[in-house]
Structures are given as C-alpha cells and as structure tokens.
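Reader: I am new to this structure and would like a close look at a single part of it, explained with care.

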Amino acid sequence: MTKIIEEELLEIRELTIDDLAAVFHLGERLFTSDFSPSMYRTWDEYEITTLFNSDNELCLVAELDGEIVGFALGTTVDKVNSAWKYGYLVWIGVRPGLQKGGAGHKLFAELRKRMVEQGVRMIVIDTDADNEAGINFFKKQGFGNIQKHVYMTLNLSRPRQRRKSSRS
Ligand SMILES: CC(C)(COP(=O)(O)OP(=O)(O)OC[C@H]1O[C@@H](n2cnc3c(N)ncnc32)[C@H](O)[C@@H]1OP(=O)(O)O)[C@@H](O)C(=O)NCCC(=O)NCCS
C-alpha cells in the first residue's frame, strides 16, 4: 500500500559519500532479476560511485525522516560537432511502499532544473519495454517519442555451440 508522503517533509538534496550504501541497497531492492534482468545485471556499486565522481550535481537523493527513500542519478553527454548537450537520467528509484507518493516527480523536477542550468537541451532515458509504471511515470514528466531497441545477451559460461556448416 502506498504511504502518503507529506511534501514538506521530503527533502531532495545532493548525494553525499555517506549515502552511497543506502542508495546501493535501495537499488538492490528495486532492480531485482524478476523486475528487470537488464537493470539487475547492471546495477552495482560502481554505477553509483562513477556517477557520483563524474556528475555529483546530478546525483540526488530524496530523504524522509532522515532516511533515503529515493534517488536519481544522471549525467550529461556532449557530442563532438553538435551544439546539443544531452542529459541522461541513468537511474531513478523510490522505495517500494512510498511509490506513487510524488517523490519520483520531485527528484526528476530537481534533476531537470539542474540539467537545464548545465545547458542540457534534451533528456534521454531508457527502461524495459514492460516497465509499465516507469514508462507511465516518464510520460507524466513529459517524455515521449518512444523508440524501441533490442537488448541481447551472450552467455560466455556456456560451451560454444557449433554452427552447422552451410557447405555440407
Ligand atoms: C518510476 C518511479 C521512480 C516513479 O517514482 P514515484 O515516486 O512512484 O512517482 P510519482 O509518485 O512522482 O508519480 C508521478 C506520476 O507517474 C505515474 N506513475 C508513477 N508510478 C506509477 C505506477 N505504478 N503506475 C502507473 N503510473 C505511475 C503517475 O502518472 C504519477 O502521477 P499521478 O500520481 O498523478 O497519477 C518508481 O515507480 C520506481 O522506483 N520504480 C522502480 C524503478 C524504476 O522502474 N525506475 C525507472 C528506470 S531506472
């Protein structure tokens, strides 16, 4: 059941070094193999520390009663020979039970503001095609122009299967 979040009690602030473990463990609760095999595989402590080191101003947490209940981790991409600067919202998550309480929107609004201040002209996100809640959330924040892309894996621990020779 969703717990109503009192907006004035929810603080959005920059991630600090003391928050790293809390954000990592919250992500582990969210990005499970059942929820999304691709997000499960790519969520690790280096995701947070790398973004924290490169784009501290775009790494935000939502704090409620002294506890981390959400995070948004972003970065920017400058393209050579292009006047456009892109923002990439890499990860966003809100604690189960507190979702649909407005924390995700508040995190995104602050991230968006900071990206605009950094000269970003377009924000990009990606998520699983069947992450209906996530897609609805992003649409509500104004995202559109959905483009499908394919995610594939190659399991290197399995013996390689021989290809049938087309000559025989
Ligand atoms: C996506 C996520 C961050 C949204 O955070 P949130 O705090 O739940 O979102 P908000 O309460 O601010 O919701 C804003 C709007 O998004 C949409 N939305 C959010 N959750 C939704 C859900 N479960 N189903 C349908 N729409 C949803 C609604 O339109 C909502 O507006 P409304 O409440 O006026 O209807 C959160 O659901 C989450 O942590 N999901 C798991 C992780 C994930 O999928 N991350 C995205 C890929 S990295």
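Against which helix and which strands do the buried residues of H1 pack?

Author: This is a predicted model, in which local features need pLDDT of at least 70 and side-chain atom pairs count only at pLDDT 80 or more, while totals for chains, interfaces and linings use all residues. Residues are numbered from 1 along each chain as its sequence is written.

The buried residues of H1 pack against helix H3 (45-54), strand E2 (59-64), strand E3 (67-78) and E4; here two residues are in contact if their C-beta atoms, placed from the backbone, lie within 7 Å. Helices (H or I, at least four residues) and strands (E, at least two) are DSSP runs, numbered from the N terminus.

Helix H1 spans residues 20-30, and its buried residues are Val-23, Leu-26, Gly-27 and Leu-30. These four cover an arc of only 100° around the axis, which puts them on the same side of H1; the arc is that of the directions from the helix axis to the C-beta atoms. In general, an α-helix has 3.6 residues a turn, so residues three or four places apart point the same way. On the other side of H1, Ala-21, His-25 and Arg-29 are exposed. A residue is buried if 20 or more other C-beta atoms lie within 10 Å of its own, exposed if 12 or fewer, and partly exposed in between, with C-beta atoms placed from the backbone. In the protein chain, buried residues make up 24% of the 168 residues.

The strands that H1 meets belong to an open sheet, which five strands form in the order E1-E2-E3-E4-E5 with mixed pairing; two strands pair if DSSP finds at least two bridges between them. Strand E1 (10-14) and strand E5 (122-124) stand at the edges, each with a single partner strand, so one side of each is left without a neighbour in the sheet. From one strand to the next, the twist averages 25°. H1 packs on this sheet by touching E2, E3 and E4, and the direction of H1 makes about 95° with that of E3. H4 packs on the sheet as well, touching E1, E2, E3, E4 and E5, with a direction that makes about 30° with that of E3. For these angles, axes are lines fitted to C-alpha atoms, for helices over the stretch in contact, and the angles run from 0 to 180 degrees between N-to-C directions.
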